[in-house]
Amino acid sequence: MNKKQKIITATCVVVCAGCVAAGVFFSNKNKGDSGEEMAYVMSVSSMNEMAGTQRLAGVVESQKTLDIQKDAEREIKEVLVKAGDEVEVGTPLFTYDTATLETDIQQAQLDLEREDNSMENLKVQIQQLQKEKRNASSDEQLSYTTQIQSAEMDLKKSEYERKAKEVELNRLKSKVENSTVTSEMKGVVKSVNNGQNSGEMSMYDGSGQAFMTILATGEYRVKGKVNEQNASQVMEGTRAIIRSRVDETMTWQGTYTAVDTQNPNNSNSNMMYGMSSEDAAQTTSTSYPFYVELDSSDGLLLGQHVYIEQDSGMEEREAGIWLDEAFIVDLDKKPYIWTETDKGTLEKRNVVLGTYDENMMQYKIEEGLKKSDYVAYPQEFLEEGMKTTHDPAEAMADPAPEGDVLPEGEELPEGEMQPEGEILPEDEMQPEGEGLPEEEIVPEGEAEDGALLPKEEGNKVVLGNSLKKDKGFLPGV
């Protein structure tokens, strides 16, 4: 794991631990329906799974692709392979029709023989003219010279044409000898485009380029796709884990490439008949390919579907139960954790600590804890025997609403007024004669010497912070 990835991983763990701690702090010390305080406990197994990252779908494909083009001047006689076939170096793929070539070869051979005969005749003619020239008079010398030069020119022309015919003949013979096209590498036939035939040989991939495409075996990479929402999961140069969909214990390591934003793939699976182009654009999802370059592809199959996830380093550390250090109390002396008993109550349990993961800020628990256990975040108010709950909603207490009634049997401290709108229990009426006399109650709507205006609430009369109930008044008014 590189330094950048370690920092990212550590940051995620800190944030996660902070969220857990905050949630426990605000929900731990609460009361259930029975009124007893309850401690919220978390599953150890779920906490060990929290380190996982979101997975992306991927497929194994070849790093090297061989595109074979068809000779536009030639006709295919037979295709010897089909899509999905495995081929080796030298495996015959298809053959060209050689009937026309063989006719052309015969014609070229005849033309070549004709040129040979023409050249031989010209050579004899030149020799004869030279012989006659030596015995000719001075007046005839010029005529012989002209005839010899013309014959030599024809000879050179025939020599050139013979060479051209010879080159053409060799080309035709080479085509016949190479009429069977073979594979140049080991791989799997991806597609065959044979416009003359139908059926399984016409498995063209729609590229419009190659007559046949072969994917090399042994040099694999994994291709995945992301969209605008999850593109941030792929960072070029960071490590990735490839995981088998069949057996999650089978993994391969690799490195992310950059997301290929230059080749988007727009898909609209929700397109409906009669939908406007504007509405269709809103339902279109754009995906972008990315690749994972593998350290080794041993055991992978071409076309195999796999999972892709970020490498957080979890694969490299020891197997076992790991717990955030924030859940462990008294680390330096006698470490213990708050756990749930079989009776649904809280207890202190001593544990034996093992390896410490600095990146994840977690300890491996060697003894004292199982994945099936539940633990609570340590707080001062936790006590052994306190009831526990697995449901955060059950542990969460609503804030006391304004206007709560004082608990039965509880009195206000001397000199302290009852909060506005709160009503004393019926068995705690104020002694008659304290406060304002009954006959001195100021009529509603009038005030005398700064007295508070009363207001009626059913059979109760409230004077600002004062309260009258059944002819009783709060003291000190």
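The protein chain of this predicted model exposes about 29400 Å², and carbon and sulfur atoms supply 47% of that area. Of its 477 residues, 35% are buried. The secondary structure comes to six helices and 28 strands. Counting contacts between residues at least 6 apart in sequence, 69% join residues at least 24 apart.

**Nonpolar cores**

The largest nonpolar core has 17 residues, and the members that touch the most others are I68, L93, F94, M212 and I214. At least two residues of this core come from each of the strands β5 (65-68), β6 (76-79), β8 (92-96), β10 (187-192) and β11 (212-216). Another core, of 16 residues, lies apart from it; Y220, W252, F290 and L294 are among its members. In soluble globular proteins, nonpolar side chains tend to be buried together.

F94 can be followed further through its contacts. With neighbours within four places in sequence left aside, F94 is in contact with I68, I76, E78, V79 and L80, and also with S179, T180, V181, F211 and M212. Two of these partners, I68 and M212, are themselves named with F94 among the core members that touch the most others.

**A three-stranded sheet**

An open sheet is formed by three strands in the order β18-β22-β21, with antiparallel pairing. β18 and β21 are its edge strands, each pairing on one side only. On average, neighbouring strands of this sheet are turned by 40 degrees against each other, direction ignored. Strands of a sheet pair through backbone hydrogen bonds, either parallel or antiparallel. The two pairings are set out below.

| Pairing | Direction | Bridges |
|---|---|---|
| β18 (residues 321-324) with β22 (residues 362-367) | antiparallel | four |
| β21 (residues 352-357) with β22 | antiparallel | four |

Individual residue pairs fix the register. On the β18 side, I321 has I365 of β22 as its bridge partner, and L323 stands opposite Y363 in β22. On the β21 side, V352 stands opposite E367 in β22. In a regular strand the side chains alternate between the two faces of the sheet.

**Helix α4**

Helix α4 covers residues 138-177, which is 40 residues. From its first C-alpha to its last, α4 reaches 59 Å, close to the 58 Å expected at 1.5 Å a residue. The buried residues in α4 are Y144, I148, A151, L155, S158, L169, L172 and K175. These buried residues pack against α3 (99-135).

K173 also lies in helix α4. Is K173 buried, partly exposed or exposed? Its relative accessible area is 34%, and because this value falls between the limits of 20% for buried and 50% for exposed, K173 is partly exposed. Leaving aside neighbours within four places in sequence, K173 is in contact with I105 and Q109. K173 and D104 are 69 residues apart in sequence, while their C-alpha atoms are 9.5 Å apart in space.

Conventions: Residues are numbered from 1 along each chain as its sequence is written. This is a predicted model: local features need pLDDT of at least 70, side-chain atom pairs count only at pLDDT 80 or more; totals for chains, interfaces and linings use all residues. Side-chain values use heavy atoms; hydrogens and water are left out. Two strands pair if DSSP finds at least two bridges between them. A nonpolar core is a set of buried Ala, Val, Leu, Ile, Met, Phe, Trp, Tyr and Cys residues joined through side-chain atoms within 4.5 Å. Buried means under 20% relative accessible area, exposed over 50%, partly exposed in between (1.4 Å probe, protein chains only). Contact means heavy atoms within 4.5 Å. Accessible areas come from the Shrake-Rupley method with a 1.4 Å probe; for residues, only the protein chains shown count as cover. Axes are lines fitted to C-alpha atoms, for helices over the stretch in contact, and angles run from 0 to 180 degrees between N-to-C directions. The expected span of a helix is 1.5 Å times one less than its number of residues.
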